[in-house]
Amino acid sequence: PSDFPLAHASQAQLDAWQTRFPRIARLYPAAPMQAGLVFHAMQDRASYVIHTFPVLCGELDVPAFRAAWDRVVAQHDVFRTAFVGEGQDLHQLVLANATLAWHEEDWRALDEAQQRERFAAYRSQDKARGFDFAAPPLMRMALFRLADERYQLLWSFHHVVLDGWSIPLVYKDVVLHYQALLEGGEAPAASRTPPYERYIAWLAERPDDAARAYWRAAIGDVEAPTPLAIDRLPRDGSEGYHERSVQLGADDTA
(Lines give C-alpha, C1' and ligand atoms only; values in the text may rest on other atoms or scores of the structure.)
Protein backbone atom coordinates (compact mmCIF):
# COMPACT_ATOMS: atom_id res chain seq x y z
CA PRO A 1 0.00 0.00 0.00
CA SER A 2 2.87 2.42 0.60
CA ASP A 3 3.52 2.36 -3.16
CA PHE A 4 0.20 4.20 -3.61
CA PRO A 5 0.14 6.82 -0.83
CA LEU A 6 -3.20 8.39 -1.83
CA ALA A 7 -5.08 5.09 -1.87
CA HIS A 8 -7.17 3.86 1.05
CA ALA A 9 -6.58 0.18 0.35
CA SER A 10 -5.64 -2.71 2.57
CA GLN A 11 -3.01 -5.22 1.56
CA ALA A 12 -5.78 -7.74 0.83
CA GLN A 13 -7.60 -5.29 -1.45
CA LEU A 14 -4.40 -4.40 -3.24
CA ASP A 15 -3.49 -8.06 -3.72
CA ALA A 16 -6.92 -8.74 -5.25
CA TRP A 17 -6.67 -5.75 -7.59
CA GLN A 18 -3.14 -6.67 -8.66
CA THR A 19 -4.30 -10.18 -9.46
CA ARG A 20 -7.05 -8.78 -11.67
CA PHE A 21 -4.97 -5.92 -13.11
CA PRO A 22 -1.32 -7.07 -13.26
CA ARG A 23 0.09 -3.77 -14.53
CA ILE A 24 -1.10 -1.00 -12.19
CA ALA A 25 0.56 2.33 -12.94
CA ARG A 26 -1.35 4.53 -10.47
CA LEU A 27 -3.99 4.06 -7.79
CA TYR A 28 -5.91 6.81 -6.00
CA PRO A 29 -9.46 7.53 -4.78
CA ALA A 30 -12.24 8.69 -7.06
CA ALA A 31 -13.45 12.25 -6.65
CA PRO A 32 -16.87 12.58 -4.97
CA MET A 33 -18.41 13.70 -8.28
CA GLN A 34 -17.01 10.63 -10.01
CA ALA A 35 -18.40 8.38 -7.28
CA GLY A 36 -21.81 9.92 -7.85
CA LEU A 37 -21.63 9.33 -11.61
CA VAL A 38 -20.66 5.70 -11.10
CA PHE A 39 -23.50 5.26 -8.60
CA HIS A 40 -26.07 6.51 -11.10
CA ALA A 41 -24.59 4.37 -13.87
CA MET A 42 -25.04 1.31 -11.69
CA GLN A 43 -28.77 2.07 -11.64
CA ASP A 44 -28.99 2.90 -15.36
CA ARG A 45 -26.20 1.80 -17.70
CA ALA A 46 -27.09 4.48 -20.26
CA SER A 47 -26.79 7.38 -17.83
CA TYR A 48 -23.88 9.74 -18.49
CA VAL A 49 -22.83 7.97 -21.70
CA ILE A 50 -21.79 10.89 -23.91
CA HIS A 51 -21.72 10.90 -27.71
CA THR A 52 -19.92 13.26 -30.05
CA PHE A 53 -20.49 12.56 -33.72
CA PRO A 54 -18.85 14.87 -36.28
CA VAL A 55 -18.96 14.20 -40.01
CA LEU A 56 -15.44 14.17 -41.48
CA CYS A 57 -15.25 15.53 -45.02
CA GLY A 58 -12.18 14.94 -47.20
CA GLU A 59 -9.59 12.27 -47.74
CA LEU A 60 -9.02 10.27 -44.55
CA ASP A 61 -6.16 7.87 -43.87
CA VAL A 62 -8.16 5.53 -41.65
CA PRO A 63 -5.22 3.48 -40.26
CA ALA A 64 -3.39 6.70 -39.32
CA PHE A 65 -6.56 8.14 -37.80
CA ARG A 66 -7.04 5.04 -35.68
CA ALA A 67 -3.39 5.06 -34.65
CA ALA A 68 -3.78 8.71 -33.57
CA TRP A 69 -6.57 7.74 -31.19
CA ASP A 70 -4.45 4.87 -29.85
CA ARG A 71 -1.67 7.35 -29.12
CA VAL A 72 -4.08 9.57 -27.20
CA VAL A 73 -5.13 6.61 -25.05
CA ALA A 74 -1.47 5.96 -24.30
CA GLN A 75 -0.86 9.66 -23.61
CA HIS A 76 -3.59 10.32 -21.04
CA ASP A 77 -4.01 8.34 -17.80
CA VAL A 78 -7.76 8.93 -17.78
CA PHE A 79 -8.25 6.71 -20.83
CA ARG A 80 -6.47 3.83 -19.10
CA THR A 81 -8.43 4.14 -15.87
CA ALA A 82 -10.63 1.49 -14.27
CA PHE A 83 -12.85 2.07 -11.24
CA VAL A 84 -12.62 -0.49 -8.45
CA GLY A 85 -14.21 -0.75 -5.02
CA GLU A 86 -17.49 0.95 -4.17
CA GLY A 87 -19.00 3.79 -2.20
CA GLN A 88 -16.46 5.87 -0.31
CA ASP A 89 -13.82 3.25 -1.14
CA LEU A 90 -14.20 3.73 -4.91
CA HIS A 91 -10.73 4.04 -6.45
CA GLN A 92 -9.25 4.95 -9.81
CA LEU A 93 -6.81 2.35 -11.04
CA VAL A 94 -4.64 3.45 -13.96
CA LEU A 95 -3.25 0.67 -16.13
CA ALA A 96 0.03 0.81 -18.01
CA ASN A 97 -1.85 0.27 -21.28
CA ALA A 98 -5.38 -0.27 -22.59
CA THR A 99 -6.81 -1.24 -25.98
CA LEU A 100 -9.33 1.12 -27.57
CA ALA A 101 -12.43 -0.58 -29.04
CA TRP A 102 -12.78 0.38 -32.70
CA HIS A 103 -15.67 -0.42 -35.08
CA GLU A 104 -15.91 0.33 -38.82
CA GLU A 105 -18.63 -0.08 -41.44
CA ASP A 106 -18.94 0.95 -45.09
CA TRP A 107 -22.34 2.50 -45.82
CA ARG A 108 -21.64 3.89 -49.29
CA ALA A 109 -24.24 1.55 -50.82
CA LEU A 110 -26.99 3.12 -48.69
CA ASP A 111 -28.87 6.32 -49.50
CA GLU A 112 -28.78 9.25 -47.05
CA ALA A 113 -32.08 8.36 -45.40
CA GLN A 114 -30.93 4.81 -44.78
CA GLN A 115 -27.61 6.07 -43.41
CA ARG A 116 -29.35 8.41 -40.97
CA GLU A 117 -31.73 5.68 -39.84
CA ARG A 118 -28.97 3.16 -39.33
CA PHE A 119 -26.79 5.66 -37.47
CA ALA A 120 -29.64 6.60 -35.13
CA ALA A 121 -30.21 2.92 -34.36
CA TYR A 122 -26.48 2.35 -33.75
CA ARG A 123 -26.30 5.32 -31.37
CA SER A 124 -29.30 4.09 -29.42
CA GLN A 125 -27.79 0.61 -29.04
CA ASP A 126 -24.39 2.04 -28.11
CA LYS A 127 -25.87 4.27 -25.40
CA ALA A 128 -27.89 1.41 -23.91
CA ARG A 129 -24.74 -0.71 -23.82
CA GLY A 130 -23.08 1.55 -21.27
CA PHE A 131 -19.59 0.78 -19.98
CA ASP A 132 -17.89 -1.74 -17.73
CA PHE A 133 -16.04 0.41 -15.19
CA ALA A 134 -13.47 -2.33 -14.65
CA ALA A 135 -12.55 -2.50 -18.37
CA PRO A 136 -10.78 0.65 -19.60
CA PRO A 137 -10.75 2.63 -21.70
CA LEU A 138 -14.21 3.92 -20.82
CA MET A 139 -14.67 5.08 -24.38
CA ARG A 140 -15.01 3.50 -27.82
CA MET A 141 -14.96 4.60 -31.44
CA ALA A 142 -17.08 3.82 -34.47
CA LEU A 143 -16.41 5.07 -38.00
CA PHE A 144 -18.94 4.79 -40.84
CA ARG A 145 -17.98 5.57 -44.42
CA LEU A 146 -20.82 7.53 -46.02
CA ALA A 147 -19.12 8.41 -49.33
CA ASP A 148 -15.63 8.29 -50.85
CA GLU A 149 -14.60 11.39 -48.88
CA ARG A 150 -17.25 11.55 -46.17
CA TYR A 151 -17.21 9.71 -42.84
CA GLN A 152 -19.48 9.66 -39.82
CA LEU A 153 -17.54 9.36 -36.55
CA LEU A 154 -19.09 8.32 -33.24
CA TRP A 155 -16.96 8.84 -30.15
CA SER A 156 -18.64 7.35 -27.09
CA PHE A 157 -17.28 7.91 -23.60
CA HIS A 158 -18.49 7.97 -20.02
CA HIS A 159 -18.74 11.30 -18.28
CA VAL A 160 -16.80 9.89 -15.31
CA VAL A 161 -13.54 10.26 -17.28
CA LEU A 162 -14.19 13.39 -19.32
CA ASP A 163 -16.22 16.60 -19.24
CA GLY A 164 -17.41 18.86 -22.03
CA TRP A 165 -14.56 21.33 -21.59
CA SER A 166 -12.03 18.58 -22.31
CA ILE A 167 -13.56 17.34 -25.57
CA PRO A 168 -11.90 19.92 -27.88
CA LEU A 169 -8.57 19.36 -26.11
CA VAL A 170 -8.72 15.64 -26.88
CA TYR A 171 -9.68 16.32 -30.50
CA LYS A 172 -6.72 18.69 -30.75
CA ASP A 173 -4.35 15.96 -29.52
CA VAL A 174 -5.84 13.50 -32.03
CA VAL A 175 -5.29 15.94 -34.91
CA LEU A 176 -1.70 16.61 -33.86
CA HIS A 177 -0.93 12.89 -33.69
CA TYR A 178 -2.71 12.27 -37.00
CA GLN A 179 -0.69 14.97 -38.77
CA ALA A 180 2.55 13.63 -37.29
CA LEU A 181 1.72 10.13 -38.55
CA LEU A 182 0.91 11.41 -42.05
CA GLU A 183 4.16 13.36 -42.18
CA GLY A 184 6.22 10.48 -40.83
CA GLY A 185 7.57 12.59 -38.00
CA GLU A 186 7.86 12.10 -34.28
CA ALA A 187 4.84 12.19 -32.03
CA PRO A 188 4.05 15.69 -30.72
CA ALA A 189 5.24 16.63 -27.28
CA ALA A 190 3.17 15.15 -24.48
CA SER A 191 0.39 17.33 -23.08
CA ARG A 192 1.40 19.52 -20.16
CA THR A 193 -1.96 18.98 -18.50
CA PRO A 194 -1.33 18.06 -14.84
CA PRO A 195 -2.26 14.46 -14.02
CA TYR A 196 -5.64 14.02 -12.34
CA GLU A 197 -3.86 12.38 -9.43
CA ARG A 198 -2.53 15.80 -8.46
CA TYR A 199 -6.07 17.13 -8.12
CA ILE A 200 -7.05 14.16 -5.96
CA ALA A 201 -4.06 14.86 -3.72
CA TRP A 202 -5.08 18.52 -3.41
CA LEU A 203 -8.68 17.51 -2.66
CA ALA A 204 -7.56 15.17 0.10
CA GLU A 205 -5.81 18.07 1.82
CA ARG A 206 -8.96 20.20 1.98
CA PRO A 207 -10.78 19.89 5.32
CA ASP A 208 -14.48 19.11 4.93
CA ASP A 209 -15.46 21.41 7.79
CA ALA A 210 -13.86 24.43 6.13
CA ALA A 211 -15.61 23.73 2.82
CA ARG A 212 -18.96 23.26 4.57
CA ALA A 213 -18.53 26.53 6.48
CA TYR A 214 -17.61 28.39 3.30
CA TRP A 215 -20.69 27.28 1.39
CA ARG A 216 -23.03 27.90 4.31
CA ALA A 217 -21.75 31.48 4.43
CA ALA A 218 -21.84 31.91 0.65
CA ILE A 219 -25.46 30.79 0.24
CA GLY A 220 -26.73 31.52 3.72
CA ASP A 221 -29.17 34.20 2.54
CA VAL A 222 -30.75 32.03 -0.17
CA GLU A 223 -34.36 31.36 0.79
CA ALA A 224 -35.81 29.65 -2.29
CA PRO A 225 -34.65 27.15 -4.89
CA THR A 226 -33.03 28.52 -8.04
CA PRO A 227 -35.23 27.78 -11.09
CA LEU A 228 -33.50 25.66 -13.72
CA ALA A 229 -34.11 25.52 -17.47
CA ILE A 230 -34.40 21.73 -17.59
CA ASP A 231 -38.09 21.93 -18.46
CA ARG A 232 -37.16 23.86 -21.61
CA LEU A 233 -34.58 21.42 -22.94
CA PRO A 234 -35.32 19.51 -26.19
CA ARG A 235 -37.73 16.62 -25.78
CA ASP A 236 -36.70 14.83 -28.99
CA GLY A 237 -33.85 12.89 -27.41
CA SER A 238 -31.13 15.14 -28.83
CA GLU A 239 -28.01 15.90 -26.79
CA GLY A 240 -25.67 18.78 -26.26
CA TYR A 241 -23.05 17.64 -28.77
CA HIS A 242 -24.66 17.65 -32.19
CA GLU A 243 -23.50 16.47 -35.59
CA ARG A 244 -21.22 18.85 -37.39
CA SER A 245 -19.03 18.59 -40.45
CA VAL A 246 -15.25 18.82 -40.27
CA GLN A 247 -13.34 19.50 -43.46
CA LEU A 248 -10.09 17.54 -43.59
CA GLY A 249 -7.13 19.25 -45.18
CA ALA A 250 -3.39 19.75 -44.95
CA ASP A 251 -3.80 23.18 -43.35
CA ASP A 252 -6.19 22.06 -40.61
CA THR A 253 -4.63 22.25 -37.15
CA ALA A 254 -7.64 21.95 -34.89
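**Close-ups of a predicted model**

**View 1. The largest nonpolar core.** In this predicted model, the largest nonpolar core counts 37 residues, and Phe65, Trp69, Phe83 and Trp155 have the most contacts inside it. At least two core residues each come from helix H2 (32-43), strand S2 (49-52), H3, strand S7 (139-147), strand S8 (150-158) and helix H5 (167-183). H3 chips in the largest share, 7 residues.

**View 2. Zooming in on Val72 in helix H3.** Val72 sits in H3, which spans residues 62-75. Is Val72 buried or exposed? Val72 is buried: its relative accessible area is 0%. Skip the neighbours within four places in sequence, and Val72 is in contact with Phe79, Val170, Asp173, Val174 and His177. Tyr171 is 99 residues from Val72 in sequence, yet their C-alpha atoms are 9.4 Å apart in space.

**View 3. Phe83 and its surroundings.** Leaving out residues up to four places away in sequence, Phe83 touches a long list of partners, among them Ala30, Gln34, Val38, Leu90, Phe133, Leu138 and Val161. Ala134 is also one of the residues Phe83 touches. A second, separate core of 13 residues includes Ala82, Leu93, Leu95 and Ala134.

**View 4. The open sheet S1-S5-S4, with a helix across it.** Here 3 strands line up in that order with antiparallel pairing. Strand S1 (24-29) and strand S4 (81-84) are at the edges with a single partner strand each, so one side of each has no neighbour in the sheet. From one strand to the next, the twist averages 25°. S1 and strand S5 (residues 91-95) pair over 5 bridges, and Pro29 stands opposite His91 in S5. Helix H1 (residues 11-20) lies across S1, S4 and S5, at about 135° to S1.

Notes. Residues are numbered from 1 along each chain as its sequence is written. This is a predicted model: local features need pLDDT of at least 70, side-chain atom pairs count only at pLDDT 80 or more; totals for chains, interfaces and linings use all residues. Side-chain values use heavy atoms; hydrogens and water are left out. Helices (H or I, at least four residues) and strands (E, at least two) are DSSP runs, numbered from the N terminus. Buried means under 20% relative accessible area, exposed over 50%, partly exposed in between (1.4 Å probe, protein chains only). Contact means heavy atoms within 4.5 Å. A nonpolar core is a set of buried Ala, Val, Leu, Ile, Met, Phe, Trp, Tyr and Cys residues joined through side-chain atoms within 4.5 Å. Two strands pair if DSSP finds at least two bridges between them. Axes are lines fitted to C-alpha atoms, for helices over the stretch in contact, and angles run from 0 to 180 degrees between N-to-C directions.
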